[in-house]
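Biologist: I have a structure here that I would like to go through with you, and I am hoping you can take a close look at one part and then work outwards from there. Here it is.

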Amino acid sequence: FFKRVWVIRHTLDANSPLLTRKARKAFKEETQGLSWPPSLNDYAGVRESIHFHQLVVTMSGTAHNSSCTVYGQKTYEFCDVNIG
C-alpha cells in the first residue's frame, strides 16, 4: 500500500519543534519571529538549524478493492531529509 511518491512539507518557523535553540533565538532576535532569519538563509544555515534523530510518518487509508483500512509507517533519519 501507499506506493506513490508523497511530498511532505513542514514550515520552519519560531514554533517548529525541529529547530535548534540557536535557530529559535535567531528567529526572535533578528526578525521578531516573523520571517526566516537572514543569517540562516542558505542551505548550510537551514541544515544547521534543524535537529532530530528520527521522524516517524504514519499514514492510514482505505483500500480500493476491499474498503478495508490500511496503514503504513516509515521512519526517516536526518540524512533522509532534503532541504529546498
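What follows is one request and one long reply about this predicted model. Could you look closely at helix α1 (residues 21–31) and tell me which residues are in contact with Phe27, leaving aside its neighbours within four places in sequence? After that, please carry on to the other parts of the chain.

Modeller: Happy to! Please keep in mind throughout that this is a predicted model.

Let me start with Phe27 itself. Leaving aside neighbours within four places in sequence, Phe27 is in contact with Leu12, Asp13, Ala14 and Leu19, and also with Gln32, Gly33, Ser35, Trp36 and Pro37. Phe27 also belongs to the largest nonpolar core, which has nine residues in all. The other members of that core are Ala14, Leu18, Leu19, Ala23, Ala26, Leu40, Ile50 and Phe52.

Ala14 appears both in that core and among the contacts of Phe27, and Ala14 deserves a visit of its own. Ala14 sits in the segment before α1. Its relative accessible area is 18%, and the cut-off for buried is under 20%, so Ala14 counts as buried. With the neighbours within four places in sequence set aside, the contacts of Ala14 are Arg24, Phe27 and Gly33. There is a C-alpha distance to go with this: Ala14 and Leu34 are 8.1 Å apart in space, with their positions 20 residues apart in sequence.

Back in the helix, there is a charged pair to look at. Searching the whole structure turns up one salt bridge, and the partners are Lys25 and Glu29, whose side chains meet at 4.0 Å, N to O. The spacing fits the helix: Lys25 and Glu29 are four residues apart in α1, so about one helical turn separates them. Both Lys25 and Glu29 are exposed.

Two more residues of the segment before α1 are useful for contrast with Ala14. Asn15 is found in that segment, and at 68% relative accessibility Asn15 counts as exposed. Between the C-alpha atoms of Asn15 and Gly61 there are 29 Å, with the two residues 46 apart along the chain. Lys3 also lies in the segment before α1 and is exposed, at 79% relative accessibility. From Lys3 to Pro37 the C-alpha distance is 37 Å, for a separation of 34 residues in sequence. Pro37, you may recall, is one of the contacts of Phe27.

Now let us move on to the strands. Val70 is in strand β2 and is buried, at 10% relative accessibility. The C-alpha atoms of Val70 and Ser60 are separated by 5.6 Å, although the two residues are ten apart along the chain. In the loop between β1 and β2 you will find Ser67, which is exposed at 58% relative accessibility. Ser67 is worth a check of its backbone angles, as it has a positive phi of about 60° and is not a glycine.

The strands also take part in the largest pocket, whose volume is about 1,100 Å³. Its lining is made of 26 residues, and those nearest the centre are Ile8, Arg9, His10, Val81 and Asn82. Both β1 (54–62) and β2 (69–77) supply at least two residues of that lining. β2 gives the most, with four residues.

Finally, a word on the cysteines. The count of disulfides comes to zero. As for accessibility, Cys68 is partly exposed, with a relative accessible area of 42%, whereas Cys79 is exposed, at 62%.

To return to your request, the picture around Phe27 has two sides: Phe27 is part of the nine-residue nonpolar core, while Lys25 and Glu29 of the helix are exposed and meet in a salt bridge.

Note on methods. Residues are numbered from 1 along each chain as its sequence is written. This is a predicted model: local features need pLDDT of at least 70, side-chain atom pairs count only at pLDDT 80 or more; totals for chains, interfaces and linings use all residues. Side-chain values use heavy atoms; hydrogens and water are left out. Buried means under 20% relative accessible area, exposed over 50%, partly exposed in between (1.4 Å probe, protein chains only). A nonpolar core is a set of buried Ala, Val, Leu, Ile, Met, Phe, Trp, Tyr and Cys residues joined through side-chain atoms within 4.5 Å. Contact means heavy atoms within 4.5 Å. A disulfide is a pair of cysteine sulfur atoms within 2.5 Å. On a 1 Å grid over the protein atoms alone, a cavity is a set of points where a 1.4 Å probe fits but cannot get out, and a pocket is an open set with protein on both sides within 12 Å along at least five of seven lines; lining residues have an atom within 4 Å of a point. Grid points are joined across faces, edges and corners, and a volume is the space filled by probe spheres set on the points.
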